[in-house]
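Me: I would like to go through this structure one point at a time. Please keep the reasoning short and end each reply on what was asked for.

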Amino acid sequence: MQEMARIVSVTARARELIQLHGEDAETACPLDAGSFGQLTFPLPIAHDRLEIPFARQASEDPKERSLGMCCVLLSTVGFSLASVLIKMDTQPSGVSFPTLEIGILRAVLGMILGLVGIKLARLPYRPRLEVAIVRLALLRGALDFLASNLFYYACSVLPIALATVIYFTNPFWAGLMAKIFLGERYDLKRAAIMVFGSFGTLLAVWPELQHGRLRLSPFGFAAAALGSLFQASQYVAGRACAETNLHWLYQNVAYSFAGMALGPPALIAFTVWGVKEETFVPFGAMTFRETFVTIGVVLCALTSQLWLIQGMGYIPAAMTAAIRTLDIPFAMMWALVLIAAVPNIFQILGGTVLVTACILLSRQKR
């Protein structure tokens with residue numbers, strides 16, 4: 001989080017370059033428009049390594065905004081499907097497939113596709129960037145990796161609806177963290193909406209609390225809660241990272257770097273400690289069902305991330321957050337269709353309250 005304060009100088013430097021060469025980036029001679037809509041600013045020395053790529057900003061065009069909303073909605077459908085497929089990804093013994101192993105596979109495949117994308121976009125493999133930007137991108141990637149894997153683990157041991165509702169309390173924690181680290185506004189009205197959303201979470205888990213069933217999976221409940229906090233931290237780090245306009249391909253590669261650095265040691269440690277849910281499964285020992293579902297989870301997550309990134313280029317972040325909360329009802333529907341998991345009335349009402357609170361929060365003016 002300390003790296004966020006150092007980003008301002010980089011953004012200011014970019015704005016100075018824009019003012020120096022003119023605002024029309026497509027016609028100004030010193031500027032070159034990239035093949036994916038980004039702008040590259042050649043600096044005075046070592047031109048092949050000092051290009052700083054810039055991503056597309058939110059659009060004011062109604063058609064593009066509609067396209068952005070559709071992209072984010074598609075990502076929400078995909079992410080919710082991945083969370084339900086995790087529930088289906090079980091070994092013959094009945095133990096869930098290691099979610100860390102899934103995260104590592106996603107990081108490896110994401111790295112390969114990211115490097116290919118950088119090549120196709122004609123971006124430098126080693127752009128000269130401020131150390132603060134690199135650290136911030138890696139921090140965001142690490143937080144995202146931890147959050148997603150904790151959520152996947154929670155989905156594997158808790159009811160899908162319950163894990164999803166707990167996890168999607170993250171917009172409220174993100175608001176508090178943004179006020180602390182970024183100085184964003186968080187007044188009494190926003191606090192009241194947060195309390196309203198927390199009531200929805202309490203409503204969703206009330207049957208489990210009343211009958212003591214949460215004691216059957218304390219680690220799942222803790223994973224969903226910690227995942228929510230890490231995801232909120234990732235949002236805050238992402239907002240700071242967005243100020244640098246770092247191209248989304250580099251951010252994806254940063255996620256892969258973080259996943260490949262954190263995942264294998266954690267998987268080895270859990271295997272040595274004998275944690276069944278996170279014990280390494282060799283590829284040769286995987287059944288056809290495990291292989292098929294695991295590949296489905298990885299592809300759903302990667303594809304959804306692509307849709308999400310593309311959609312965020314067209315619409316404001318607040319609108320993106322509001323659409324992403326629809327993961328809750330989508331996950332309930334996928335669970336009903338694929339594993340016949342019928343959500344109870346408390347989970348339905350709790351999810352509805354939480355989605356309503358998130359939408360209200362996203363509509364608040366800055």
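Me: Which residue is joined to Gln251 by a side-chain polar contact of 2.2 Å?
Reply: This is a predicted model. Gln251 lies in helix H9, residues 248-273. Its contacts, leaving aside neighbours within four places in sequence, are Arg140, Cys241 and Leu246. The side-chain polar contact of 2.2 Å joins Gln251 to Arg140.

Me: Is Gln251 buried or exposed?
Reply: The relative accessibility of Gln251 is 19%. The cut-off for buried is under 20% relative accessible area. Because 19% falls under that cut-off, Gln251 counts as buried.

Me: Where is Phe168 in the chain?
Reply: Two helices flank this residue: H5 covers 160-167 and H6 covers 170-182. The place of Phe168 is in the loop between helix H5 and helix H6.

Me: What is the relative accessible area of Phe168, and is the residue buried or exposed?
Reply: Leaving aside neighbours within four places in sequence, Phe168 is in contact with Arg324, Thr325, Asp327, Ile328, Leu354 and Cys358. A residue is buried when its relative accessible area is under 20%. Phe168 therefore counts as buried, with a value of 2%.

Me: What distance separates the C-alpha atoms of Phe168 and Arg324?
Reply: Along the chain, Phe168 and Arg324 are 156 residues apart. Arg324 is nonetheless one of the contacts of Phe168. Their C-alpha atoms are separated by 9.1 Å.

Me: Is H2 parallel, perpendicular or oblique to H4?
Reply: Helix H2 (residues 62-88) and helix H4 (residues 131-157) pack with their axes 8 Å apart, at an angle of about 50°. Angles under 35 degrees count as roughly parallel, and 65 to 115 as roughly perpendicular. The angle of about 50° lies in neither range, so H2 is to H4 oblique.

Me: Is the crossing of H2 and H4 left-handed or right-handed?
Reply: On the H2 side, the residues that meet H4 are Ala82, Ser83, Ile86 and Lys87. On the H4 side they are Phe151, Tyr152, Cys155, Ser156 and Val157. By class, this contact has six nonpolar, two polar and one charged residues. The crossing of H2 and H4 is right-handed.

Me: What share of the contacts with a separation of 6 or more comes from residues 24 or more positions apart?
Reply: The chain has 13 helices and three strands. Of its 366 residues, 49% count as buried. Among contacts with a separation of 6 or more, the share from residues 24 or more positions apart is 82%.

Terms used: Residues numbered from 1 in each chain as written. Predicted model: local features only at pLDDT ≥ 70, side-chain atom pairs only at ≥ 80, totals over all residues. Heavy atoms only, no water. Helix = DSSP H or I, 4+ residues; strand = E, 2+ residues; numbered from the N terminus. Buried < 20%, exposed > 50% of the residue type's maximum accessible area, 1.4 Å probe, protein only. Polar contact = N/O pair within 3.5 Å; in protein donor to acceptor, adjacent residues only side chain to side chain. Contact = heavy atoms within 4.5 Å. Axes fitted to C-alpha atoms, helices over the stretch in contact; angles between N-to-C directions. Parallel < 35°, antiparallel > 145°, perpendicular 65-115°, else oblique. Left-handed = near helix turned anticlockwise from the far one by under 90°. Nonpolar A, V, L, I, M, F, W, Y, C, P; charged D, E, K, R; others polar.
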